Amino acid sequence: MLRITALPDVPRWAVLAAHAVPWITLPSGLWRVALVAGLPVAAEEQRGTGEAVYILLLSLVSEGLAWLTLGLVRGWGEVVPGWVPVIGGRPVPTMAAVVPALLGAAGLFGLLGWACYAQIAGLGAESGVTDSTAQSALLVLCYIPLIAWPPLLTAVALAYYRRRTACASPEAA
């Protein structure tokens, strides 16, 4: 059975949501890797080394940011790991984790809104990304899970905030 680790006081739904985020970003990253590898996933192959590096870095950065969501339910999101120079072993200020997480979620909601608008308005339709039904289906299958990223990140960040601030409030005692 799959073992999901987290701090004991984290709600189970938040643990599952945090662990889902890296998995929902993975298909789009794999699609981009397939594009760079020259597999027939798009109408046009990527052009040049610079574009290939950009596409691969985009995949690595998005997956790395998705993995950071796990910090909101694990110990390294509350105390900086000891191997980190200078600040290792120090507590993570609550807002130092919550503010970037919520700003990231806001940015993702913005990107999602723009993508929906662009689709509805037909922006870029003349230079389609795909040229077959199979390619279109694969593209949608790989990118549709990203719709869940902003709400999951928001929910996990708010749960982190509630959990971290509940301990400090006098009503909690």
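**Note on a five-helix predicted model**

1. Residue L68 belongs to helix α2. L68 also takes part in a nonpolar surface patch of about 380 Å², together with V61, L65 and W76. The model is a predicted one, and the points below should be read with that in mind.

2. Overall layout. The protein chain contains five helices and zero strands, and its elements follow one another from the N terminus as α-α-α-α-α. Along the principal axes, the C-alpha atoms fill a box of roughly 60 × 35 × 35 Å. Of the 173 residues in the chain, 31% are buried.

3. The largest pocket. Its volume is about 1,700 Å³. The lining consists of 41 residues, and A115, V129, L139, Y143 and L146 are the closest to the pocket centre. Which helices supply at least two residues each to this lining? They are α1 (12-36), α2 (48-68), α3 (94-121), α4 (133-143) and α5 (149-166). Helix α3 gives the most, with eight residues. By residue type, the lining of the largest pocket divides into 26 nonpolar, 10 polar and five charged.

4. The second largest pocket. Here the volume is about 440 Å³. Its lining has 19 residues, and those closest to the centre are L68, T69, A97, P100 and A101. L68 thus appears both here and in the surface patch of point 1. Helices α2, α3 and α5 each supply at least two lining residues, and α3 again gives the most, with six. The lining of the second largest pocket holds 15 nonpolar residues, four polar and no charged.

5. Salt bridges. How many salt bridges does the structure hold? There are three. In one of them D9 pairs with R163, and the closest N and O atoms are 4.0 Å apart. D9 is in the segment before α1 and R163 is in helix α5, so this pair ties together parts that lie 154 residues apart in sequence. The two partners can also be described by their exposure: D9 is partly exposed, with a relative accessible area of 45%, whereas R163 is buried, at 9%. The value for R163 counts as buried because the cut-off is under 20% relative accessible area.

6. The second partner of R163. The side chain of R163 also meets that of E78 in a salt bridge, at 2.2 Å from N to O. This pair links distant parts of the chain as well, with R163 in helix α5 and E78 in the loop between α2 and α3, 85 residues apart. D9, E78 and R163 are therefore linked in a network of salt bridges, each bridge being a side-chain nitrogen within 4 Å of a carboxyl oxygen.

7. The remaining pair. R47 and E44 form a salt bridge through their side chains, with an N to O distance of 2.8 Å. Are R47 and E44 buried or exposed? Both are exposed.

8. A loop residue. I147 is found in the loop between α4 and α5. I147 is partly exposed, with a relative accessible area of 40%. Its C-alpha atom is separated by 14 Å from that of G29, although I147 and G29 are 118 residues apart along the chain.

How values were computed: Residues are numbered from 1 along each chain as its sequence is written. This is a predicted model: local features need pLDDT of at least 70, side-chain atom pairs count only at pLDDT 80 or more; totals for chains, interfaces and linings use all residues. Side-chain values use heavy atoms; hydrogens and water are left out. On a 1 Å grid over the protein atoms alone, a cavity is a set of points where a 1.4 Å probe fits but cannot get out, and a pocket is an open set with protein on both sides within 12 Å along at least five of seven lines; lining residues have an atom within 4 Å of a point. Grid points are joined across faces, edges and corners, and a volume is the space filled by probe spheres set on the points. Helices (H or I, at least four residues) and strands (E, at least two) are DSSP runs, numbered from the N terminus. Ala, Val, Leu, Ile, Met, Phe, Trp, Tyr, Cys and Pro count as nonpolar, Asp, Glu, Lys and Arg as charged, and the others, Gly among them, as polar. Patches are made of residues with over 30% relative accessible area and no salt bridge: like charges are joined within 9 Å, nonpolar side chains (Val, Leu, Ile, Met, Phe, Trp, Tyr) within 5 Å. Accessible areas come from the Shrake-Rupley method with a 1.4 Å probe; for residues, only the protein chains shown count as cover. Buried means under 20% relative accessible area, exposed over 50%, partly exposed in between (1.4 Å probe, protein chains only).
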